[in-house]
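These exercises go through one structure step by step. Each task is followed by a worked solution.

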Amino acid sequence: MPMLSDPSLKYLTYPSVPFSDGYIRQWPNKRTTTSPIWLSTDLRDGNQALVNPMSNATKLELFSLEIEVAYPAAGDNEFQFVRDLIENNEIPDDVAIQIITPARPELITKSIASMAGVKHGIIHLYNAVSPVFREVVFRNTKEQTIDLTINAVKLVKKLTEEETARSGARFTLNYCLETFSQTEPEFAVELGNRVLMEWGKASLEDKVYFNLAATVECAPSNHYADMVEYFNNNINQRSSVLLSIHPHNDRGTGVAATELALLAGGDRVEGCLLGNGERTGNVDLITLALNLYSQGVSPGLDFSNLPEIVQVVCRCNESAVPVRYPYAGTLVFSAFAGTHQDAIKKGLDSQAARWEKVDRTGEGIKYWAMPYIPIDPKDIGYGYENLIRVSSQSGKAGTAYVIKQTLQLDLPRRMQVSFYGVVQSECENSGKEMSTALIINAFKQKYCLSSKPIGRLHLQSLNITPLSPLSESSSLESDGTSTPPEQGTNLIRFEGHISVDGRIRKVMGDGKGVLSALLDALRSDLELEINIGEIVYQHLEGDSTKAVTYLEVSIPGSPASKSGVGSVWGCRAIISGINGLVGDRRFPRPKMVFTPRRDQSAQRSEAWLRDFTFRAGHSVLQTPEHERSELIAASPI
Ligand SMILES: CC(=O)SCCNC(=O)CCNC(=O)[C@H](O)C(C)(C)COP(=O)(O)OP(=O)(O)OC[C@H]1O[C@@H](n2cnc3c(N)ncnc32)[C@H](O)[C@@H]1OP(=O)(O)O
Ligand SMILES: CC(C)C(=O)C(=O)O
């Protein structure tokens with residue numbers, strides 16, 4: 001049958017809550033500033049909904065997290081589970097276990113028998129009270145419903161008092177108005193007041209709990225909040241009463257309903273981890289707790305190891321968590337979309353600066369303010385490694401983030417744009433995400449970052465000799481990763497071996513600065529005329545002596561340029577950029593002459609390669625040949 005054009009002919013709307021005229025609802029103006037009392041019903045409401053209910057051993061695995069433990073009248077296993085908990089002293093002193101029973105005398109008797117010897121037990125007594133249940137399931141009038149309830153409360157009172165006399169056990173009554181949210185509000189209050197009267201001993205220290213169940217979620221969350229506020233306002237002895245909220249998720253708004261119901265007077269929440277439970281499940285305690293946490297309210301529950309908790313819960317429930325599930329899904333802390341990634345990358349950078357300032361000055365707090373990421377994944381056991389995942393929907397910022405996270409390289413904007421083009425076309429061709437490993441590999445390929453030759457040119461070794469004393473601010477470290485001596489102030493000699501299309505060339509050149517000297521060597525020995533554009537130096541994090549150079553190279557007369565990246569005072573960056581130029585057919589291939597034009601330079605290079613002497617100012621750093629070669633070879637950038 002198709003959907004109806006007028007569904008009002010089939011589905012009745014929810015009734016209004018009878019607040020008096022002019023009544024101003026309190027809950028919309030409130031804020032939750034403390035955590036509720038939590039009752040996990042995974043072992044009962046969660047368990048009763050499983051295709052294969054848990055074995056007692058599995059229940060025990062979850063028990064460390066739980067407290068509503070069973071429906072003891074359901075069968076021997078359930079009964080025995082409660083007995084085992086009590087007899088084997090599995091229940092910590094500060095934990096009250098709750099069991100549930102329907103309002104049927106023989107089942108109440110069996111259920112309370114299961115609790116013999118408990119320290120603190122909560123008897124959860126339930127019967128459905130809404131019109132449709134009264135009429136269809138019980139065929140009871142309102143009065144008969146009250147009688148059924150009161151008789152059950154009487155029996156619970158009698159049996160628990162007998163057990164208290166026997167063992168000293170303490171009992172709390174949790175009376176559940178099953179289907180409360182579909183019940184006439186005045187009738188719910190009347191029933192609640194009759195229960196209070198019958199129990200007769202509710203006090204500030206020993207409260208009676210009322211479970212206001214949204215057994216089936218049938219209306220918007222504001223209606224449930226109104227229902228709870230009405231009950232909260234009208235139930236007698238409010239200070240001796242605790243309101244327990246038990247929402248289900250049929251409309252997909254169980255979390256919202258709970259949050260509003262807490263504003264409306266709820267004190268306690270009954271739910272399941274990851275929202276297991278009948279049909280669409282009970283409200284999810286993890287989402288609720290972490291929603292509170294994200295507002296700066298401690299939930300009193302520790303989910304620092306959420307991935308592990310998710311694994312245990314899924315194993316015990318034989319279920320899986322959707323990838324988009326709040327907090328617990330595998331994709332909830334990942335951004336694929338370019339503009340999201342850009343915002344997250346900027347957010348991380350600006351937050352790092354803000355937090356560093358707090359550390360430095362001792363002023364302010366390290367608050368979390370991150371575009372698209374409501375809580376710090378690290379607080380609940382995740383890292384940042386999956387924050388950004390790259391697909392054809394990603395942009396330059398996302399790719400740059402992956403490079404920075406993995407290689408510590410903070411690419412200049414123009415290089416981000418240029419490398420992003422590589423990633424974008426790769427993703428579009430494959431139609432798939434590009435993993436970090438693939439991105440790094442593509443980056444190394446594009447910029448020839450390898451100790452082995454990738455491009456047509458490869459810097460095999462080099463020797464730098466200052467021909468005039470170095471200025472104060474310049475330094476030459478033996479591994480060549482420091483910032484190059486200031487361009488234009490020092491006369492430098494560059495001598496090195498460059499493999500060109502697999503053949504080793506010895507080159508030598510002089511210039512004011514290392515890069516100028518290398519350009520001179522390329523010009524004079526390889527007939528390769530190169531211009532350098534924008535240059536950016538970056539010290540690598542955690543090691544101020546290590547620097548990397550980004551630069552742009554072009555062929556004189558051609559407007560197009562290529563980016564290069566590398567260390568060794570920028571020499572590798574020049575070779576990296578040149579490989580981009582000479583390897584790309586769109587550019588005119590520069591003329592390369594492979595015969596050294598200066599024979600003496602070859603002899604000098606051989607001599608330098610023998611003793612590898614670095615002269616920096618007046619100090620002489622001598623590095624054995626094999627160590628120096630290793631240093632350069634081990635530094636792919
Ligand atoms: C909303 C909830 O989640 S409530 C919890 C639900 N959980 C479960 O049902 C799991 C455990 N249940 C069981 O193992 C079984 O249902 C048992 C052992 C408790 C009872 O089994 P049975 O005696 O065969 O009864 P059955 O399961 O068919 O229940 C239907 C009967 O219970 C009555 N009933 C249902 N709820 C209640 C209640 N809260 N109080 C009193 N009677 C109730 C029904 O009216 C019906 O009575 P009828 O047979 O006179 O028409
Ligand atoms: C019986 C109550 C507690 C229940 O599980 C529900 O209403 O969903």
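**Exercise 1. Work out the strand order of the eight-stranded sheet and find its edges.**

Step 1. The eight strands form an open sheet in the order β1-β8-β7-β6-β5-β4-β3-β2, and the pairing is parallel. Strands here are DSSP runs of E with at least two residues, helices are runs of H or I with at least four residues, and both are numbered from the N terminus. Two strands pair if DSSP finds at least two bridges between them.

Step 2. At the edges stand β1 (37–40) and β2 (68–70), each of which pairs on one side only. From one strand to the next the twist averages 30 degrees. Axes are lines fitted to C-alpha atoms, for helices over the stretch in contact, and angles between N-to-C directions run from 0 to 180 degrees.

Step 3. This is a predicted model: local features need pLDDT of at least 70, side-chain atom pairs count only at pLDDT 80 or more, and totals for chains, interfaces and linings use all residues. Residues are numbered from 1 along each chain as its sequence is written, while chains are lettered from A and ligands numbered from 1 in the order in which they are written.

Step 4. Inside the sheet, β3 (residues 97–102) and β4 (residues 120–128) pair in the parallel sense over six bridges. Q98 has I122 in β4 as its bridge partner.

Step 5. Helix α7 (residues 185–199) packs on the sheet and touches β5 and β6, its direction making about 160 degrees with that of β5. Contact between two residues means C-beta atoms, placed from the backbone, within 7 Å.

**Exercise 2. List what surrounds each of the two ligands.**

Step 1. Around ligand 1 there are 16 residues, of which Q48, A74, P102, A103 and N127 come nearest. A residue counts as near a molecule or strand if its C-beta atom, placed from the backbone, lies within 6 Å of it. The elements that give two or more residues to this shell are β4 and α5 (131–138).

Step 2. By class, the shell around ligand 1 has nine nonpolar, three polar and four charged residues. Ala, Val, Leu, Ile, Met, Phe, Trp, Tyr, Cys and Pro count as nonpolar, Asp, Glu, Lys and Arg as charged, and the others, Gly among them, as polar.

Step 3. Ligand 2 is surrounded by D45, Y126, C176, E178, N211, A213, T215, H246 and H248. Two or more of these residues come from each of β5 (170–178) and β6 (208–214). The classes are three nonpolar, four polar and two charged residues.

**Exercise 3. Is helix α9 mostly covered or mostly open, and what lies over its buried residues?**

Step 1. Helix α9 (residues 254–263) is mostly covered, with nine of its ten residues buried. Buried means that 20 or more other C-beta atoms lie within 10 Å of the residue's own, exposed that 12 or fewer do, and partly exposed is in between, with C-beta atoms placed from the backbone.

Step 2. The cover over these buried residues includes β6, α8 (221–234), β7 (241–247), β8 (268–271) and α10 (285–293). Just after α9, G265 has a positive phi of about 130 degrees.

Step 3. A261, one of the buried residues of α9, is also among the residues that touch the most other members of the largest nonpolar core, which has 87 residues. A nonpolar core is a set of buried Ala, Val, Leu, Ile, Met, Phe, Trp, Tyr and Cys residues joined through C-beta atoms within 7 Å.

Step 4. V228 touches L212, L243, I245, A261, A264, G265 and G266, not counting residues up to four places away in sequence. Apart from this core lies another, of 61 residues, including I373, F494, I532 and V565.

**Exercise 4. Describe the three-stranded sheet and the pairing of β13.**

Step 1. The three strands form an open sheet in the order β9-β10-β11, with antiparallel pairing. β9 (457–466) and β11 (503–512) are at the edges with a single partner strand each, so one side of each has no neighbour in the sheet.

Step 2. Nine bridges join β9 to β10 (residues 491–500), and L462 has G496 in β10 as its bridge partner. Helix α16 (residues 514–526) lies across β9, β10 and β11, at about 130 degrees to β11.

Step 3. Strand β13 (residues 547–554) has seven of its eight residues buried. β13 pairs in the antiparallel sense with β12 (residues 531–539) over seven bridges, and I535 stands opposite L551 in β13.

Step 4. β13 and β14 form a hairpin with six residues between them, and G557 in the turn has a positive phi of about 95 degrees.
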